[in-house]
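Here are a few friendly notes to read with the model open beside you. They start with the strands, move on to the helices and end with the aromatic rings.

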Amino acid sequence: MSSPLIQPLSDLVRINSVNSSYEGGPGEGEVAVYVRRFFEQRGIQVSEQAVFPGRNNVIARLPGRNPNRRIVLEAHMDTVSVKGMTIPPFQPNIVGGKLYGRGSVDDKAGLATMMHAVAAIHESGEKPPCEVLLAAVVDEEFSFRGVVKLCEGLRADAAIVAEPTEMRAVI
């Protein structure tokens with residue numbers, strides 16, 4: 001399987017980001033470092049927004065031609081517990097063209113895809129028509145505090161949320 005998304009998705013799956021509200025969960029810290037480094041290495045503006053001590057949203061920003069308009073791409077970095085899993089949770093494994101591992105669908109594939117979309121826009125050299133924010137947020141799997149913090153004072157004209165919905169658009 002040769003997709004530019006396989007390596008970053010595999011990297012993200014290898015990182016244990018079980019929500020720290022679950023027993024033994026280390027939280028999203030290592031994923032936040034990975035996401036931040038991804039954007040820094042490409043020269044894309046990136047910052048962090050404190051949500052809980054040591055648990056920060058990561059926000060990448062591409063300025064747009066119209067600074068008064070904004071689209072937000074949002075995905076979460078935490079996963080649910082690994083309790084009851086019958087495969088090694090942090091060992092990405094491709095079977096039948098599908099990558100398996102904790103968080104591979106919810107929500108690390110969406111996060112990896114959005115990261116690459118922002119990078120591709122940046123690498124094109126063209127300024128997007130509006131500001132583009134990518135928000136990698138904490139705590140979706142427990143109490144949604146990351147997205148609640150993100151929305152405080154945030155104005156956006158549109159948002160795309162990378163959450164699995166069985167291929168149904170949710171508006």
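1. Strand 1 and strand 2 run antiparallel and are joined by seven bridges. One of the pairings to look up is Phe52, whose bridge partner in strand 2 is Arg55. The two strands make a hairpin with two residues between them, and Gly54 in that turn has a positive phi of about 75°. Please keep in mind throughout that this is a predicted model.

2. On to the other partner of strand 2. Five bridges connect strand 2 with strand 6, and these two also run antiparallel. Here Val58 has Ala136 of strand 6 as its bridge partner. Six of the eight residues of strand 2 are buried, so this strand is largely enclosed by the rest of the structure.

3. Now step back to the whole sheet. It is open and is formed by five strands in the order 1-2-6-3-7, with mixed pairing. Strand 1 (45–52) and strand 7 (158–161) are the edge strands, each pairing on one side only. On average, neighbouring strands of this sheet are turned by 20° against each other, ignoring direction.

4. The parallel part of the pairing is worth a look too. Strand 3 (residues 66–76) pairs with strand 7 in the parallel sense over four bridges. Ile71, for example, has Ala158 in strand 7 as its bridge partner.

5. What packs on the sheet? Helix 3 (residues 104–124) does, touching strand 2 (55–62), strand 3, strand 6 and strand 7. The direction of helix 3 makes about 150° with that of strand 3. Its buried residues include Leu111, Met114, Met115 and Val118, but also Asp107 and Lys108, which you may want to find in the view.

6. A quick check on the geometry of helix 3: at 1.5 Å a residue, its 21 residues should span 30 Å, and the end C-alpha atoms are 28 Å apart, which agrees. Just after the helix, Gly125 takes a positive phi of about 80°.

7. Helix 1 deserves a paragraph as well. Its buried residues are Ile6, Pro8, Leu9, Ser10, Leu12 and Val13. These residues pack against helix 2, strand 4 (93–95), strand 5 (98–100) and helix 3.

8. Finally, the aromatic rings. A pair of aromatic rings is described by the distance of the centres and the angle of the planes. With centres required to lie within 6.5 Å, the count comes to two aromatic pairs. Tyr22 and Phe142 form an edge-to-face pair, 5.9 Å centre to centre with 90° between the planes. Tyr22 lies in the loop between helix 1 (6–14) and helix 2 (29–41), and Phe142 in the loop between strand 6 (130–137) and helix 4 (145–151), so the pair ties together parts that are 120 residues apart in sequence. Tyr22 is partly exposed, with a relative accessible area of 24%; Phe142 is partly exposed as well, at 47%.

9. Phe38 and Phe39 also form a pair: the ring centres are 5.1 Å apart and the planes stand at 90°, so this pair is edge-to-face. Are these two residues buried or exposed? Both Phe38 and Phe39 are buried. Phe38 has a further contact to inspect, as the charged end of Arg42 sits over its ring, 3.6 Å from the centre.

Technical notes
Residues numbered from 1 in each chain as written. Predicted model: local features only at pLDDT ≥ 70, side-chain atom pairs only at ≥ 80, totals over all residues. Heavy atoms only, no water. Phe/Tyr/Trp six-rings, centres within 6.5 Å; stacked < 30°, edge-to-face > 60°. Buried < 20%, exposed > 50% of the residue type's maximum accessible area, 1.4 Å probe, protein only. Lys NZ or Arg CZ within 6 Å of the ring centre and 35° of its normal. Pairing = 2+ DSSP bridges. Axes fitted to C-alpha atoms, helices over the stretch in contact; angles between N-to-C directions. Contact = heavy atoms within 4.5 Å. Expected span 1.5 Å × (residues − 1).
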